[in-house]
Amino acid sequence: MKRAPLYRILTFLVIVVCCILANRQGWFQHVDHAISEQRMAASTHPASGDIILLEIDNKSLTSIGVWPWNRSIYADIIDKSFQAGAEELAFDIDFSSNSTDSEDEAFANALEEADGPVTLAVFQQFATSHMDEETIRFNRPIEKLATRAWLATVNVIADLDGIVRSFPLAQSIEGEIFPSLTSTLGGTQNIVEASQIINFNIDPETIPTYSVIDLLQDKLPQDALQGRKILIGAGAAELRDTMAVPVFGVLSGPKLQIVAAENLLQGTNLKKAPASWTHGLAAALLVPIAFILLFRKFNSFGRIAGLILVAGGVEWLGYHLYSNDHILLDTATVLAILLITAAALTLFEIGVKSFMLTLSHKHGQSISDLLDTIVTDSLTGIVIVDDEGRVMSISRQAQKIFASLGYRTQKDMLISEALPEEFADRIRDCLDMSTPDQPRRSMQSQEIRRGEKVRYFEYSLTPSFIAPDGEDLQEEGRLVTLLFQDITDSYLEQKRLEYAADHDPLTDLLNMQGFCNALEARSSTGKPLSQTIVFACQARRLDKVNQMLGPDYSEILIRQIGKSLQGLAQFDCIGCTNQKTFLLASHSSKTEDMASLAETLQQCLETPFNVRGHSIIVGAQIGSAAFDESDMRIARELAEAAIIALDRAHDSGDNLTVYSPALAAEVKRERLLEQEILGAFERDEFELYYQPQVDLQSGKVIGCEALARWNHSELGLIRPDHFIPILEETGKIVDLGRWIMKTACQEAMSWPEEASVAVNVSAVQFQRTNIMQDICEALELSGLPKERLHIEITESLFIADSSAVIDQLNAIRKHGVKIALDDFGTGYSSLSYIHQFPLDKIKIDRAFIKDLPYSTESMAVINAVTALAQGFDMKIIAEGMENAEQAEALRTAGCHLGQGYFFGKPMNSENFSAFLIQNNEKLRLSNNDSKTGKLSAVIG
């Protein structure tokens, strides 16, 4: 054996070092994945058939007609599956959100009564788009379902290239380990938190798959589910539960779960060979490689053949380990060393100089062949045409597209025969008009019709000029390159999205945006908005239909109303907003026609509608607006004005409300209040006023009610009924309530008499804060004796969770604070159960006081309340007293306390303090008067 040339040794060492560095950088990872994929593809076999997929496919979605499905459907799936002999069920479906109570209950009962185990899915999601571990969250089934089923995770994590190659055997969720759905279906008993490589040698097409609707309609083959495990999951393309996988390209999520579970059932799950195996293999090959490179009797071809033979042996070993032992051995690095060494030897043996000379001789032809190859293999439609109108080159994609249109396009054909005339005409125009300095034309669209078939294309034409060396540009040859692609699917999808953006999905009428766009378009064609009247109309009794018959009936009714309104010739444009408000525009009517047009709408909606055998009359509430150039500029403002008028019609109960500047000013004021009230606390604009409460027997002022007022720096004093609802909606009523409680207690300590102070407490305060803690803090800070503090609540407090509220009220009352029920008679309470609530006083609403002493009905209510209250040892206070006759009537009826303008208007703390002194002085002067006279004298 002669000494080997130095270049072979150096070449081999350089290749080894480079390949090792490349492997550390992960360059061969994709090659190893590709080799593994080929091994799997070469040994595919059918599924065992022990796991069946019940697929939510297009057929099921179309038949049921709505998504997501009602949970009673899943209950039917459970019942029918076990009736058909299923061994166990698993759902690859998200049940983490509540449905209706009845639907959730139906599904929960089915889980409870199932004849076998049922597993529900736990989904892993990321709370933010960063997708880091800190933002991971898990969607579990709702509690009602989770407690009646087994839980398993269904998440599979894709590699960096987006392809799923493994699955977790189990996952830890908030300290609790859950098995994966794959482990559950695969019957794995030892649940550990580890990943398992999926062996994609199981053909997913052999998995027994049936449509869910066939199960529900009892159309499955007999014994199809007998003794099998069933997985229910999404298969329809619209549900987008698909993943990229090796070998098969794309699989639905449920099929991927079954393929992985089949690995466990068939014992074909894969293990990754340690990196030390690859290193050991490379070290073991050093001897044969050295022999091949150094043995002098081997010529160049022998060495190359030897290296390729060794490479084949390495891959045979990798395939043997995979097929027999289910072990994946990474061989890309070793193969790269062998094949690159063989290629390097080839280059050296050919001789770099000889190779470069050959390349130089063939450079022109190679460039031409390369360009022709690029054009032919391009995924874009490419056609190159010479100045004679002949096809010089064409891509396979272009031939495929033209073939679908009936053209068999080949090289050297004239464009008049080879291409659709639409493209041929434009190429001729480009050849005729092209000049050497003409730029490439921008992308254009082209529609091509062949019978009923229509396709849409996007294309560009680029002129080129080829001049022989030394010749003038005017004699150069001209070429035109046509680049095009079929955009039919995206074009139709764009049109569908444009239609959906302008139309209401329920009624197929124009939505708000589409309606306004239509008005603007008409105004640009000679029908100005100044001559347009818009009506906003809603079905008056639609909510009752929804409550009594259900949402399906109300949706059918809305569609029928839309069709009826479309038939009204008096209106030029009709739309429907997502609040189910119909918008109608008339371009030819005048303002004085509003009433008659509204009457037409009323008659239309008072005509009975037949909905599944139910004759329904809904009636209408209508708002209308004519275009006002002083405060309107665009169609949307006109439509919004009509909707504002409709809202006022709702509030007032009128059939028709016409928009006016005054109405606009009122709405503007309400919106201003909503904005200004957020800064009212910082500007210290809230004030407390106190209205006296008087003992009707003695005439003594025994206390007062604290009333909040908002004194805006620009708007002036604002009534509570204007700002309290805003505070309750925003939750700011909690802050105001605390301020009132603390301020009232502090100011009460400055009064000369030990009068009580009553503070109104909103239901929102009970829901969002610890009201007992707020009361204690206010009493402690002010030093006010707790028996002087009373709180007033309304009947709405008991609606949501009366037991919890009663517990809080009992604690407050036990602390020594008295409780009064305010506005009694206007809400939900009943005389028969009012004694269940821990109350000290009942406050009769002013609605029953205003007509006294002449209303026998009001007097009857008051007598009943006072009689009941006396039986339960409750005090009665009547508010809204405005004269002596009312006071005397209520005193005679047994009311204990009175409040109203007859006794005193609300006043600030300083004036109330003076009022107390004045009252006590009058009371002393009238000690010898009769009771009636005393009351009149003290108040007078």
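Arg 390 is partly exposed, with a relative accessible area of 34%; here buried means under 20% relative accessible area, exposed over 50%, and partly exposed in between, with a 1.4 Å probe and protein chains only. I should say at once that this is a predicted model, in which local features need pLDDT of at least 70, side-chain atom pairs count only at pLDDT 80 or more, and totals for chains, interfaces and linings use all residues. Residues are numbered from 1 along each chain as its sequence is written, and side-chain values use heavy atoms, with hydrogens and water left out.

Arg 390 sits in the loop between strand 16 (381-386) and strand 17 (391-394). Helices (H or I, at least four residues) and strands (E, at least two) are DSSP runs, numbered from the N terminus. Leaving aside residues up to four places away in sequence, Arg 390 touches Ile 384, Val 385, Asp 412, Met 413 and Leu 414, a contact being heavy atoms within 4.5 Å. A polar atom of the Arg 390 side chain lies 2.7 Å from the backbone oxygen of Asp 412. Arg 390 and Ser 416 are 26 residues apart in sequence, and their C-alpha atoms are 8.9 Å apart in space.

I turn now to a sheet. This open sheet has 5 strands in the order 22-23-21-26-27, with mixed pairing; two strands pair if DSSP finds at least two bridges between them. Strand 22 (573-576) and strand 27 (656-658) stand at the edges with a single partner strand each, so one side of each has no neighbour in the sheet. From one strand to the next, the twist averages 20°. Strand 21 (residues 533-539) and strand 26 (residues 620-626) are antiparallel and share 7 bridges. Within this pairing, Gln 538 has Gln 621 of strand 26 as its bridge partner.

Next, the helices. Helix 22 (residues 551-566) lies across strand 21, strand 22 and strand 23 (582-586), at about 5° to strand 23. Such angles run from 0 to 180 degrees between N-to-C directions, with axes fitted to C-alpha atoms, for helices over the stretch in contact. Which residues of helix 23 are buried? Among them are Met 594, Leu 597, Ala 598 and Leu 605. Their cover includes strand 21, helix 22, strand 23, strand 24 (609-611), strand 26 and strand 27.

Finally, confidence. The mean pLDDT of the protein is 82, and 89% of its residues reach 70 or more; pLDDT is the predictor's confidence in each residue, from 0 to 100. Over residues 126-131 the pLDDT falls below 50, and this stretch has 7 contacts in the model beyond near neighbours in sequence.

Key
A polar contact is a pair of N or O atoms within 3.5 Å; within protein, one must be able to donate a hydrogen and the other to accept it, and residues adjacent in sequence count only if both atoms are side-chain atoms.
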